Amino acid sequence: MDRREYLRTATAVGFAGSVAGCAGLLDSNPNVTLDEPDREFDSEDLPYPAWGEQVPDVSLADPLTGETFHVRDADDPSVLTFFYSHCNSVCPVLISTVRDVHTHALNEGYADEVVFLPVTFDPERDDEERLRAYADEMNVDADADNWHFLRPDSEAEAEQVVEEQFGVMFERTEPEDMDMYMFNHASLTFLVNADGYVERAYRTESPDETEIISDLETVRE
């Protein structure tokens, strides 16, 4: 059962509501550095990998280098987010935030201690040429060794990896006032430690770069 199916089942039986107030029962986790966040649900009840859980064991292509990147085996802490380059609302904010953390790492001398992994769920349009242009538009140093745009090979793989394994829901739309398709989608940014465990899942359309930098500093120590 994938995470999407799990959430659907849990919701159907009212389980999600029954676990409210469970925060605090789990005081620590030997696999992570950061304390458990203050929240209403336990990690296992969420539709995405959360605090103390490993990220999916998936490999995705980096179209800019031609290499394949194993997400769980980054060997350094990593920052992941999910986007599509034609988005004109949420994704520019997500990418700008990750870019700013990336810039901080470059300027403050710890670029070799963290990896940045923005994953597109629009492989039909986000090919190498488009991603290079998008990097220029967003003022991203995509040639840095620690920045990797990741791209599923197909729409089916995007759904299987991004939606079913990472729990980031997206749905293609056809706006009447536009001549191209768009997506409705969830917003998630992950801070993952060097062992592949989620330290933080920032479930917001505008993650706080200061918070990410602070959390990242703790994880790097």
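The following exchange concerns a predicted model and the grounds for some of the terms applied to it.

Reader: Why is Thr97 called buried?

Author: Buried means under 20% relative accessible area. Thr97 has 7% relative accessibility, so Thr97 counts as buried. The residue is found in helix H3.

Reader: What is Thr97 in contact with, leaving aside its neighbours within four places in sequence?

Author: Thr97 is in contact with Pro207, Glu209 and Ile212. Contact means heavy atoms within 4.5 Å, so each of these three residues meets that limit with Thr97.

Reader: Where does helix H3 lie?

Author: H3, residues 90-107, lies across E3, E4 and strand E7 (189-192). Its direction is at about 160° to E3. Angles run from 0 to 180 degrees between N-to-C directions.

Reader: How do you know that E3 and E4 pair?

Author: Two strands pair if there are at least two bridges between them according to DSSP. Strand E3 (residues 78-83) is joined to E4 by 6 bridges, so the requirement is met. The two strands run parallel, and Ser78 has Val115 in E4 as its bridge partner.

Reader: What makes E7 a partner of both E3 and E8?

Author: The criterion is again at least two bridges. E3 and E7 are joined by 4 bridges and run antiparallel. E7 and E8 are also joined by 4 bridges, and they run antiparallel. Both pairs therefore satisfy the criterion. Phe190 of E7 takes part on each side: Leu80 stands opposite Phe190, and in E8 the bridge partner of Phe190 is Ala201.

Reader: In what order do the strands of this sheet come, and what is the pairing called?

Author: The 4 strands form an open sheet in the order E4-E3-E7-E8, with mixed pairing. Strand E4 (115-120) and strand E8 (198-202) are the edge strands, as each pairs on one side only. On average, neighbouring strands are turned by 15° against each other, direction ignored.

Reader: What makes both faces of E7 covered?

Author: Thr189 and Leu191 lie on one side, Phe190 and Val192 on the other, and all are buried. Buried means under 20% relative accessible area, so residues on either face fall below that limit.

Reader: Which residue takes a positive phi in the hairpin of E7 and E8?

Author: Gly196 does, with a phi near 85°. The hairpin has 5 residues between the strands. Another glycine, Gly167, takes a positive phi of about 70° just after H5.

Reader: Which residues of helix H5 are buried?

Author: In H5 (residues 155-165) they are Ala158, Val161, Val162, Glu163 and Glu164.

Key: Residues are numbered from 1 along each chain as its sequence is written. This is a predicted model: local features need pLDDT of at least 70, side-chain atom pairs count only at pLDDT 80 or more; totals for chains, interfaces and linings use all residues. Side-chain values use heavy atoms; hydrogens and water are left out. Buried means under 20% relative accessible area, exposed over 50%, partly exposed in between (1.4 Å probe, protein chains only).
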